[in-house]
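Subject: Structure handover

Hi,

Here is the structure I said I would pass on. Please load it before reading further.

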Amino acid sequence: MTKKLLDKTLQAYFIYSLAMFCLVAPVFYFTTMWLYMDDVDESLILLKLQFEENSLATLKKSDIPQWNKYNATISINKSSALKKDSLFSTSYFSQIEQEYEPFRELNSPIIIQGTPYTFSAKTNLLESKDLILGIVLLFFLLLLLMFLGLVFITKKLSQKLWKPFYTSLGQIEDFEIDKENKPRFAATSIEEFNRLNNSVEKLIHKNMAIYESQREFVENAAHELQTPIAVFQAKIDTLAQYSELTQSQAETIESLNESVARLNRLNKNLLLLSKIDKNWFSETSHFSIKNIIELKLDFFQEQALQKDISIETKLIVDAMANGNKVLAEVLFSNLFLNAIRHNLPNGKINIVLTPHDFTISNTGLCNSLSQGKLFNRFNKPNLMGNGSGLGLAIVKKIADLNGWEISYAFSNSFHSFSVRF
């Protein structure tokens, strides 16, 4: 599964943010707790020192009950054989909150009028669960703000930085070597993109030169072959008229005649493709598809009858289309010829025309054709056929030129070619 570059970057940021949260949150919590407890202990010790400095020398035993009554956080209790200061955490039940609350307490031994007592000072602590919840919420908020900030900055920055790349990518995707839409890459301020554009531009220029050279070669070869083929055909026709031919000689001449006819069709198809590539058929008009189909039906029905192929048509409505009419006639001729040539004896052909679609279906091979190379030049799905392998390539070329869509499907033993106008 592929992802956009930006999505992968954001995913990395998200994983990093989550890892940081899991690592830093506990460290932050325990560090905060340690600092807080240290501060509370210092406050309790300071409170004891102030008591010893200001109150202990003048305090009498008889004053202890009064002292305990008016000091909620400091009390003087009977001695518990305490030898030194003791700091510890404990909890006391709160009558107001009706629950136990955490406290930090200092117990220290003191002497009042020669009698040992215990000085106790305590301070209320925040409830741990409230502290933990506060820390978690604080970190979640910080993480969320950090992540949203990273997403916003990365997205905005990436859109700006990668804009030249996506512009070049769009031009490359739209580029077709046989059309005059050569990409024009604009210079950018990013060195890597300029290097990429220059490399792609050189590659396109080199391939276009090779393609143009091959196209000129095919065109010139096809032109040069026209005259020899015509002379060859004429001599075969002359030989075929000799009355003294033996059966074997007649069969040889018939075989030669079929080969020359096939060579002639191949040559004409190559010339047609060359002319289409050179945009010789740029003139367009608005015409009736139904009229073309009916005209072709009259011509091809006779060929279908020779193979005992039945043709059923459903031309209920007419369809008007824009494009080159001459090429449209070639397209439908090739589809008719394809349906007859690759059909079975006693096969069937179904033709359906709707306002925006034309579909021709025929019986034939029992398996679906490979669609990967179906419209490639010299692709012959049926190796036993005598076609040139250029018919469907021409159909695809004409459909693209007219802005139509050609598609293939196989269902219920019928091979279907559809053209959407």
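Below is what I found, taken region by region.

One thing first: this is a predicted model.

**First sheet and helix α1**

Start with the sheet built from β1 to β4. Its 4 strands run in the order β1-β4-β3-β2. The sheet is open, and the pairing is antiparallel. The edges are β1 (74–78) and β2 (86–94), each of which pairs on one side only. Neighbouring strands are turned by 35 degrees against each other on average, direction ignored.

Strand β3 covers residues 99–112. Its antiparallel pairing with β2 runs over 9 bridges. For a marker on that pair, take F88, which sits opposite E105 in β3. Helix α1 (residues 5–54) packs on this sheet. The helix touches β1, β2, β3 and β4 (115–124). The direction of α1 makes about 35 degrees with that of β3.

F14 belongs to α1. Is F14 buried, exposed or in between? F14 is partly exposed, because its relative accessibility is 44% and the exposed class begins over 50%.

S55 comes in the loop between α1 and α2 (64–70). S55 has a relative accessible area of 18%, so it counts as buried under the 20% limit. Leaving out residues up to four places away in sequence, S55 touches Q50 and W67.

**Second sheet**

The other sheet has 5 strands, in the order β6-β8-β9-β11-β10. This sheet is also open, but the pairing is mixed. Its edge strands are β6 (310–314) and β10 (405–411), each pairing on one side only. From one strand to the next, the twist averages 15 degrees.

Strand β8 spans residues 348–353. β6 and β8 are parallel, with 5 bridges between them. Within that pairing, S310 has K348 in β8 as its bridge partner. Helix α7 packs on this sheet and touches β8, β9 (357–363) and β11 (414–420). The direction of α7 makes about 20 degrees with that of β9.

**Helix α7 and its start**

Helix α7 has 17 residues, 325–341. From first C-alpha to last, α7 reaches 24 Å, close to the 24 Å expected at 1.5 Å a residue. Many positions to check here: L327, A328, L331, F332, S333, N334, L335, F336, N338, A339 and I340 are buried. Keep the helix geometry in mind when you view them: with 3.6 residues a turn, residues three or four places apart point the same way.

What happens at the start of α7? A side-chain oxygen of N324 comes to within 3.1 Å of the backbone nitrogen of V326. N324 itself is in the loop between β7 (320–323) and α7. N324 is buried because its relative accessible area is just 7%, under the 20% limit. Its contacts are F281, E283, T284, F287 and N402, not counting residues up to four places away in sequence.

F287 leads on to the next pairing. Strand β5 (residues 285–288) joins β7 through 4 bridges, and the two run antiparallel. The bridge partner of F287 in β7 is A321. A321 and G323 make up the covered face of β7, while M320 and N322 make up the uncovered one.

**Cysteines**

How many disulfides does the model hold? The count is 0, with two sulfur atoms having to lie within 2.5 Å to qualify. Two cysteines are worth a look for their accessibility. C22 has 52% relative accessibility, so it falls in the exposed class, over 50%. C366 is exposed because its relative accessible area is 64%.

**Two long separations**

Two pairs give a sense of scale. F14 and D308 are 294 residues apart along the chain, and their C-alpha atoms are separated by 69 Å. S55 and F300 are 245 residues apart in sequence and 124 Å apart in space, C-alpha to C-alpha.

Best wishes

Conventions: Residues are numbered from 1 along each chain as its sequence is written. This is a predicted model: local features need pLDDT of at least 70, side-chain atom pairs count only at pLDDT 80 or more; totals for chains, interfaces and linings use all residues. Side-chain values use heavy atoms; hydrogens and water are left out. Buried means under 20% relative accessible area, exposed over 50%, partly exposed in between (1.4 Å probe, protein chains only). The expected span of a helix is 1.5 Å times one less than its number of residues. A polar contact is a pair of N or O atoms within 3.5 Å; within protein, one must be able to donate a hydrogen and the other to accept it, and residues adjacent in sequence count only if both atoms are side-chain atoms. Contact means heavy atoms within 4.5 Å. Two strands pair if DSSP finds at least two bridges between them. Axes are lines fitted to C-alpha atoms, for helices over the stretch in contact, and angles run from 0 to 180 degrees between N-to-C directions.
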